[in-house]
Amino acid sequence: MEPEPSCFFQFLPFLIILFLSSLLLLYSIKLKRGLWCNCEICDAYLTLSWSKQFHNLCDWYSHLLKNSPGKTIHIHVLGNTITANPDNVEYILKTRFENFPKGKQFSMILGDFLGRGIFNVDGDLWRFQKKMASLELDRFSIRSYAFEIINHEINHRLVPLLSSAGGDRILDLQDIFRRFSFDTICRFSFGLDPECLKLSLPISEFAIAFDMASKLSAQRAMTASPLLWKIKRWLNIGSEKQLRESIRVVNVLAREVISQRRKMGLLSHEDLLSRFMISLNDETYLRDIVVSFILAGRDTVASALTSLFWLLPKYPDVAVAIREEAGRVLGPNQDITSFDKINELHYLQATIYESMRLYPPIQFDSKFCQADGTLPDGTVVKKGTRVTYHPYAMGRMEDIWGPDCLEFKPERWLRDGVFIPENPFKYPVFQAGSRMCLGKEMALVELKCVAVSLVRRFNIELATHYPMPRFSAGLTATFCGGLPVKVREGNPKS
Ligand code: HEM
């Protein structure tokens, strides 16, 4: 019998590849950035020493930005300039919009997951998708259509589910909100109902794969050089192997959505996907559009609701004020029956804006500089620099919100009881300028309807107490460990 080759020889080719890749990596970093940076910030980033003092990377960045005179910092090893300065944000998102596209680097990082979907492209591809999506989302009738879907999902699924869970049973509200927003966005955008909000159904393989793909794609952006993940992808090992597998599962569902929609006939319903399908015959492109709209509508809304319901039990006066306003505007124990009535709930709107000020669903957003330039605060940005604006840090800036910036105070948005929006470059939670969120109005309707329905019907208590959330890596803010709560029916009615 032939002797088995020893482990060492079995892995030799792999070790050689790894060694050569490391050399290549170091060389490319040196070539690109001139030298390995060992400034205090880069050192803390690379050694993770920031985590001794801060729960989350975004908290550490907020601290650094707060203490920087121009509210702009540099993470040299990532080639990343990060800003919390509203003038810079306006310059990047509006004044010199063309000079700060998503860029090739960004498309590369998210390309395997998002493909040519709207979040990942510039130029004509972006303009085409924006035009198509706007035609759908800006229709006046879409508001009542969205309102109908959202309220059906609340009254026939969300409320009965929470009612049936009463007592001491602990529920993960984050998971429930993700199922809720997944059903809603699929019904709204694709005309299909996945019925995810049936707790009897286990979390679908798809949802797990989708979250994993989002998390691993976001992690690519945090590596010191793209070469690192590219080599892993080429070798199909570790996180890249996992990412490939997750994307395979996501693709199966996205293709199923397209095929179901086709079977139902494109002219029978007017939804976003049908609109795209009538104009496009490219399955991969349609897959990218499906994935992007799930990301846009599911994770952001669920994230906003999770942080709102984490804050409300800590601020019972806010919940009382929401109930009081709802009783006055809608009538005691009355559901929201018309879209117009929602616009009269100013305190509720202020609460939702305030919650997203402190906990924006998209904590930061990056662009890549096309040509050398200087930001309004005097920061020089070279071609190829990744430039990030940071809504999470901006919500914590005294210069923008005053000395009580860390307090949760819906009143800061009200003048004589009327909601007054803030300059979007100070509050870029929905982004601002040319690429502002296209689903903002729909998202607000969804958030307000869920918030008012649950606050009026239930007492929701946190089952686990911690001073601040810990977020897991991903494209949208997600609470590590979910949001465990106890739900009791029958609130003091107003
Ligand atoms: C609380 C909920 C939401 C928040 C905070 C939010 C925030 C954002 C942000 C920050 C962007 C810019 C992202 C980037 O450029 O990478 C964006 C873009 C976008 N959002 Fe939302 N979004 C929300 C809900 C929705 C919903 C429900 C939809 C769909 C119905 C939607 C559709 C879109 C689309 C299509 C874009 C791309 C716009 C473009 O690139 O021109 N969003 N959103």
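Trainee: By class, how many nonpolar, polar and charged residues does the shell around the ligand have?

Mentor: This is a predicted model, in which local features need pLDDT of at least 70 and side-chain atom pairs count only at pLDDT 80 or more, while totals for chains, interfaces and linings use all residues. Residues are numbered from 1 along each chain as its sequence is written. Ala, Val, Leu, Ile, Met, Phe, Trp, Tyr, Cys and Pro count as nonpolar, Asp, Glu, Lys and Arg as charged, and the others, Gly among them, as polar. By these classes, the shell comprises 14 nonpolar, 4 polar and 3 charged residues.

Trainee: Which helix supplies the largest share of the shell around the ligand?

Mentor: The ligand is surrounded by 21 residues, each with its C-beta atom, placed from the backbone, within 6 Å of the ligand. Helix 6 (123–137), helix 13 (283–311) and helix 19 each supply at least two of the shell residues; helices are DSSP runs of H or I with at least four residues, and strands are runs of E with at least two, numbered from the N terminus. The largest share, 5 residues, comes from helix 13.

Trainee: Is Cys437 buried, partly exposed or exposed?

Mentor: Cys437 is among the closest residues to the ligand and lies in the loop between strand 9 (418–419) and helix 19 (440–457). A residue is buried with 20 or more other C-beta atoms, placed from the backbone, within 10 Å of its own, exposed with 12 or fewer, and partly exposed in between. Because Cys437 has 17 C-beta neighbours inside 10 Å, its class is partly exposed.
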